[in-house]
Amino acid sequence: MIEIEGITKRYDATTVVDDVSMVIEPRTIAVIVGTSGSGKTTLLRMINRLVEPTAGIIKLDGADNRSLPGYELRRSIGYAIQGHGLFPHRTVAQNIATVPVLLGWDKARIKARVDELMMLYQLDPEAFGPRYPHELSGGQQQRVGVARALAAEPNVLLMDEPFGALDPIIRTKAQEDLLAIQKRFGTTIILVTHDMEEAVHMGDKIAVMDAGKLVQYAKPAEILAKPASAFVETLVGASERPFRLLSLGRVSDAVEKGSAEGEAISGDASQRDALAELLWSGRPALPVSGADGSPIGRVTVDGLVRRAARPA
Ligand SMILES: Nc1ncnc2c1ncn2[C@@H]1O[C@H](COP(=O)(O)OP(=O)(O)OP(=O)(O)O)[C@@H](O)[C@H]1O
């Protein structure tokens, strides 16, 4: 668990992070969003003490993050940044091994971990391990950057716009990979992004920053349905909000009694996909199938539209 208590950072007279308090539960993803200059990166870097706060406390599993020297703290916390930050004169395998080497792991353990992460990221260790970063595509470099951050099995991973430089298709894949890896290792992740779509997709909770202040910290559905201020509402994008809300819900949660003509949609599909299919095919209702393929009811345009409407 990460507890941020009244954290403030000032540079001379300018307050760039202003009395922020938030708790990040273990094994969850908190996404920090906000406009440029709102203090997101500074907040993130106070967790691993690349930036020292002016006031406030940050606790990791109950311990003040100042109870260790900064360099030791940083070996226990993964850190991945936009543009990956790989060492250009070290091979891919050496880059990934950076922190395990610093921690003095034995060679066999390091090799096993590097190979495991490379396989996980679909980079053949034989082929890619000896290569240098410039011999990789942008997407591959980014994967190596995240693999390096995960190498020493950190409980906490800080990510600053890790997918910012990727094109949209690779970006989606990178997000899926990260979600799968987060589930597998149970890592607690704090991710900074400009992209509300990414925040809604990735976050168990979303923290919205504006001018150094934390203006809302809540589950994605709550941020979308009940933005705390006009600023959050703008950031969420009022016109996109209904679709974002639907993308969070499963069809199985919107099933109505009755039947419908045509091919069934899976109860696991998102409500957004169901609405897209309904509108695209011009039908008022679709049959819904359960996990075993048997019909469990139907989903309707009217029902989905009601769900997308902002709750009173
Ligand atoms: N070392 C520093 N000295 C003085 N001011 C700084 C320093 N680092 C950051 N700032 C200022 O603090 C403010 C917040 O910066 P920060 O990088 O945390 O914002 P951000 O929300 O991450 O922005 P972006 O999305 O553009 O990366 C900015 O106005 C920035 O100019």
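**Exercise 1. Determine which polar contacts the ligand makes with Ser36, Gly37 and Thr42**.

*Solution.* Begin with Thr42: an N or O atom in its side chain lies 2.5 Å from an oxygen atom of the ligand. A polar contact is a pair of N or O atoms within 3.5 Å; within protein, one must be able to donate a hydrogen and the other to accept it, and residues adjacent in sequence count only if both atoms are side-chain atoms. Next, the side chain of Ser36 places an N or O atom 2.6 Å from a ligand oxygen. Gly37 instead uses a backbone N or O atom, 2.8 Å from an oxygen atom of the ligand. Of the 640 Å² of accessible area that the ligand has on its own (Shrake-Rupley method, 1.4 Å probe), the protein covers 55%.

The model is predicted: local features need pLDDT of at least 70 and side-chain atom pairs count only at pLDDT 80 or more, while totals for chains, interfaces and linings use all residues. Residues are numbered from 1 along each chain as its sequence is written, and side-chain values use heavy atoms, with hydrogens and water left out.

**Exercise 2. State whether Ser270 is buried or exposed, and identify its surroundings**.

*Solution.* First, Ser270 counts as buried because its relative accessibility is 9%; buried means under 20% relative accessible area, exposed over 50%, partly exposed in between (1.4 Å probe, protein chains only). Second, the Ser270 side chain reaches the backbone nitrogen of Asp273 at 3.1 Å. Third, leaving aside neighbours within four places in sequence, Ser270 is in contact (heavy atoms within 4.5 Å) with Leu246, Ser247, Gly249, Arg250 and Val251.
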